[in-house]
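Grab a pen and work through these exercises with the structure open beside you. Each task comes with a solution in steps.

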Amino acid sequence: MKFQSLTAVKWLSSGVLTVVFGFLALTAVAQPTGAELFSNNCAACHKIDQDLVGPALKGIYDRRDEAWLIKWIRNSQAVIASGDQYAVDLYNKWNKVAMPAYDWSDDEIKSVLAYVKEQEAALATQSAGGGDGGTAAVAAKRDGWGNGPLVILTIIMLGALLLYAGRVVSARYKLKGVRLFNWNNINGVLFIVFLVVGMALVAFQFLKYMKFTLPVAASEHGVVLDQMLAITFWITFVVFVATHILLFVYAFMYRNQGKESKALYYPDNHKLEFFWTVIPAVVLTVLVLYGTKVWREITQGEIEENRVELELFAYQFGWQARFPGADGLLGSHDFRMISATNSMGIDEMDPNSKDDLLVPEVYLPVNRQVVLRLRARDVIHSAYLPHFRVQMNVVPGMPTQFVFTPTMTTEEMREKTNNYNFNYELACNKICGAAHFNMRMKFVVVSEAEYEAWLTKQRTYFRKAEAQTASIN
Ligand SMILES: [Cu+2]
C-alpha cells in the first residue's frame, strides 16, 4: 500500500515535470526572432550605432524605404548590379565588401528590421538618460547566447526524466522478482547495429560529398601530392574498416549470454605484442618518410631561370598582386611606407619598383615555374590555390613563398571538369576576421603569348597610385 502511494506521487510529479519541460522545449525550438536572426547573421558586420565592417544601421528607415531594404538584404549584389546609384555608391564607399545574400521570407527580414528599430529606440532613451535605459543592454545580452542553453538544459532534463521513469518501472518489476530485460543481449545487438549504421553513414557521406572534392591537380607537384594523399587514405581506410569490424563483432560474440561463465585470464603474449607494435610502426615510418620526401621535392626544388615571379599581398579583407615588370625585379618594401596611396608600402626610391605592375587579377603562363612571394599587412592570412594544391601562410613581418608550375590552362581545366564557368581562384584559408570570405582573387592560366600580351596591358604600381590620388583630389 505504502509502496503504491509512493509510486503514484512519483508518477504524478514526473508527469508535471514532463509538461513543464515539454513546454520549454517547444518555446526553445520556436521561430527565431529578429534579435536572433540579427545576432547570428548580421552582428559580425553591423552595429546599431557604430560602423563596423558595414555601416551603422541606425536611421536606416530614414535612408531607404522598406521595399528597398528587403531587396537589399535578400541580395545586395543584385541591387548593385541593377545600377541603383545609392547601392553602387554605398558599395564603393565600403571598399566593395560584399554583404552575403539572405534567402529569407519578407516576414523574417521585417523582423530583423523591426529589431534594429527597437534597438535604436532603446539606445535613444538610454542616451537621453531617462526611461528604461536597461532594455538595450538586457536585449543585447540575450542575443549573445540565443536559446542554446535553454535547449541543452531541456535535453538534459528530459534525459534525466526518462532515466528516472525507467528506474521507477524496473524497481516495480524487481520487487516482483521479474527480470525485464537481458541487458547483455541488448547491448551486444546494439554494438552490431552501431557498426552497420555507422558504416552505412560512412558510405553515404562518400557518395554524397565526393562531388565536393577537388578536381585533378593542375600543377606538377599537385599530382605527386594527390598520389601521396591517396596512398595514405587507402591504407588508413582499410585499417579503419578492419578494426571497427573486429571491435564491434567481438563485443557482440563474447557478450555474457546469461550462463555462468568466467573471463579467460590472459596477461600477455610477447609474440602478439611484438607484431602489433612493429607493423604499425613500420607503416607509419614509411608514410612519414614518403611525406617528408614529397614535401622536400615541393619546397627545395631548384628555382629556374625563366620563372615568373610575383608578390601576393594579403590584407583585411582582400589581396593585391604585384608583378616585377620588365626588369624582372620586385622593388623593395617597408611597412612604414604604407599610406592611402601606397597600400603595399613599396619603396618609391628603389629603381626596381618603378616598373612594378599592380594587377587586378593574375595571369600565368602554362608550364612555367611560378614563384609566389607572400606578404601580409595586418594579421595572419593564408594563400590557398586549391586547384594547384598550393597553400602557404601569409604572415605579417615574415615573408613566405611557394614555388609551383601550372600544367593546365584555364581552358583545358574547363574542358577537363566539364564546367565552362570554371576559374582558378586564390582564397584566404585563415579565418582572419568578419569579411574573411571576401578574400578572393581570380587566377587565369594561359599560353605564353597570351600572357605576354596581357602583361603589356597592365598599369604600373605608382602610376596607378598617382591616378588614385588624382581622382581623390
Ligand atoms: Cu585572410
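**Exercise 1.** In what order do the six strands of the open sheet lie?

Before solving it, two ground rules. Residues are numbered from 1 along each chain as its sequence is written. This is a predicted model, so local features need pLDDT of at least 70 and side-chain atom pairs count only at pLDDT 80 or more, while totals for chains, interfaces and linings use all residues.

*Solution.*
- Step 1: read off the order, β8-β5-β1-β2-β3-β11, with mixed pairing. Strands here are DSSP E runs of at least two residues, helices are H or I runs of at least four, and both are numbered from the N terminus. Two strands pair if DSSP finds at least two bridges between them.
- Step 2: find the edges. β8 (400-404) and β11 (459-460) each pair on one side only.
- Step 3: zoom in on one pair. β5 (residues 370-376) runs antiparallel to β8, and five bridges join them. Leu372 has Phe402 in β8 as its bridge partner.

**Exercise 2.** Find the largest nonpolar core and say which strand gives the most to it.

*Solution.*
- Step 1: know what to look for. A nonpolar core is a set of buried Ala, Val, Leu, Ile, Met, Phe, Trp, Tyr and Cys residues joined through C-beta atoms within 7 Å. Buried means 20 or more other C-beta atoms within 10 Å of a residue's own, exposed means 12 or fewer, and partly exposed is in between; C-beta atoms are placed from the backbone.
- Step 2: the largest core has 39 residues, and Leu312, Ala383 and Phe443 are among those with the most contacts inside it.
- Step 3: strand β1 (residues 308-315) gives the most, with five residues.
- Step 4: don't miss the second, separate core of 15 residues, which includes Cys42, Trp72, Ala87 and Val116.

**Exercise 3.** Is Ile70 buried, partly exposed or exposed?

*Solution.*
- Step 1: locate Ile70 in helix α4 (residues 66-74).
- Step 2: count. Ile70 is partly exposed because it has 17 C-beta neighbours inside 10 Å.
- Step 3: check its contacts (C-beta atoms, placed from the backbone, within 7 Å). Beyond neighbours within four places in sequence, Ile70 touches Asp106 and Ile109.
- Step 4: compare sequence with space. Ile70 and Lys110 sit 40 residues apart in sequence, with their C-alpha atoms 7.6 Å apart.

Notes: Two residues are in contact if their C-beta atoms, placed from the backbone, lie within 7 Å.
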